[in-house]
Amino acid sequence: MVARPSVCLRRLARGRRSQLVGFGRFLANRRVTVNRLIEGWSDQTTVAVAGRHVLAIQDTSEINFRTTSKRQRGLGEIGKGNGRGVLLHAMLALDASTGSCLGPVAGRIWTRRGRIKIAHQKRRTKSKESHRWIETAERAKIVLAAAVMVTVVADRESDIFAEWATLPGPNFHLITRSMHDRRLVNGNSLYAAAERFAFTTQRRVALPTREGKRQARLATLTLRFGEVELARPENTRDRNLPQSVALTLVEVVERSLPTGTEAVHWRLLTTHQVADAAAAWQIVDWYKMRWTIEQFWRLLKLQGLKLEDSQLETAERLIKITAIAVKAAVAT
């Protein structure tokens, strides 16, 4: 896959029928499971992370395979129900100092089997799809055991109270972009508390192009930060969680911007201690490295392996080819 680059079995076989048949038999083999393939992602990563501070960046993407009403290939709904495919959750290890990619860590690949009828708020975290954020980070504690420090970095969907309450440990930290204006133990809201933090310093930050959303540009960001204590959500089904969690909120705002552009506004929650503006900017810099996983999705789907073009006939084989393609995309 890396050499071609493609996931098309005919292209990988280079016209040799024996190779094509061999690839097909491999994917059909019941002993070749998606769990075993995912476990193999981290074979080299466990060695490469030794002695480093590792950023463990995780994210989820939908792999939209082409289907028709008569040829759904056993795939479940994705998006808003207007497509069919598989969901891929992946974690990549980066060197926190250099940003170099050290390899894949862990993840999950699945296709939905119908719709869950029990309301989201009436289920415990372990019975929700969102538990993948916690499950993958827990696996990272094993895979990345040789690292001197691990910081799990994720976007807003990972802002889950159960994650803040259960994952952090000695030299195991989190940085997540806030999605919820949470209730604090003092009765205030998270965002209202941030309004009382004093702005400290400014920095010009290079923003990469986001296709269809923005052009690359330099943004002048203003920083403020402070300690907050999140209260456990009142309606949670996870009654075993602590009543509160102490974190640091780092907020960067683009207060003046070019006409017709959307302002940058990041609210980053972290378990790292932040004593001064320099430490707060370090949190921002680590969060910026999350962009690497967006490049990974691009290589996997749009401009590299073009995984979504695969014509394999069954969901089982499509999930397996996805698991193999993850390692190829990271190598690329």
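**Exercise 1. Strand S3 and its neighbours**

How many of the 13 residues of strand S3 (residues 83-95) are buried? Determine the answer for this predicted model, then identify the strands that pair with S3.

*Solution.*

Step 1. Apply the burial criterion, under 20% relative accessible area. Twelve of the 13 residues in S3 are buried, so the strand is largely enclosed by the rest of the structure.

Step 2. Examine the pairing with strand S1 (residues 53-64). S1 and S3 are antiparallel and share eleven bridges. Within S3, Leu87 lies opposite Glu62.

Step 3. Examine strand S2 (residues 76-78). S2 runs antiparallel to S3 and is joined to S3 by three bridges. Gly83 of S3 is the bridge partner of Ile78.

Step 4. Examine strand S4 (residues 101-110). Eight bridges connect S3 and S4, again in the antiparallel sense. Ala93 has Gly103 of S4 as its bridge partner.

**Exercise 2. Two hairpin turns**

State how many residues separate the strands in the hairpins S2-S3 and S3-S4, and name a turn residue with positive phi in each.

*Solution.*

Step 1. In the S2-S3 hairpin, four residues lie between the strands, and Gly79 in the turn has a positive phi of about 60 degrees.

Step 2. In the S3-S4 hairpin, five residues lie between the strands, and Gly99 in the turn has a positive phi of about 80 degrees.

**Exercise 3. The packing of H2 and H10**

Classify the relative orientation of helices H2 and H10, and describe their contact.

*Solution.*

Step 1. Helix H2 (residues 17-28) packs with helix H10 (residues 315-331) at an angle of about 105 degrees, and their axes are 9 Å apart.

Step 2. Angles of 65 to 115 degrees count as roughly perpendicular. H2 and H10 are therefore roughly perpendicular to each other.

Step 3. H2 contributes Gly24, Phe26, Leu27 and Ala28 to the contact, while H10 contributes Arg317, Lys320, Ile321 and Ile324.

Step 4. Sorted by class, the contact of H2 with H10 comprises five nonpolar, one polar and two charged residues.

**Exercise 4. The nonpolar cores**

Which residues have the most contacts inside the largest nonpolar core?

*Solution.*

Step 1. The largest nonpolar core has 60 residues, and those with the most contacts inside it are Leu88, Leu223, Val250, Phe296 and Leu300.

Step 2. H10 gives the most to this core, namely ten residues.

Step 3. Leaving aside residues up to four places away in sequence, Leu300 touches Ile63, Leu88, Leu305, Lys306, Leu307, Ala325, Val326 and Ala329.

Step 4. A second, separate core has 38 residues, among them Ala154, Val228, Leu241 and Leu249.

Notes. Residues numbered from 1 in each chain as written. Predicted model: local features only at pLDDT ≥ 70, side-chain atom pairs only at ≥ 80, totals over all residues. Heavy atoms only, no water. Axes fitted to C-alpha atoms, helices over the stretch in contact; angles between N-to-C directions. Parallel < 35°, antiparallel > 145°, perpendicular 65-115°, else oblique. Contact = heavy atoms within 4.5 Å. Nonpolar A, V, L, I, M, F, W, Y, C, P; charged D, E, K, R; others polar. Buried < 20%, exposed > 50% of the residue type's maximum accessible area, 1.4 Å probe, protein only. Pairing = 2+ DSSP bridges. Core = buried A, V, L, I, M, F, W, Y, C linked by side-chain atoms within 4.5 Å.
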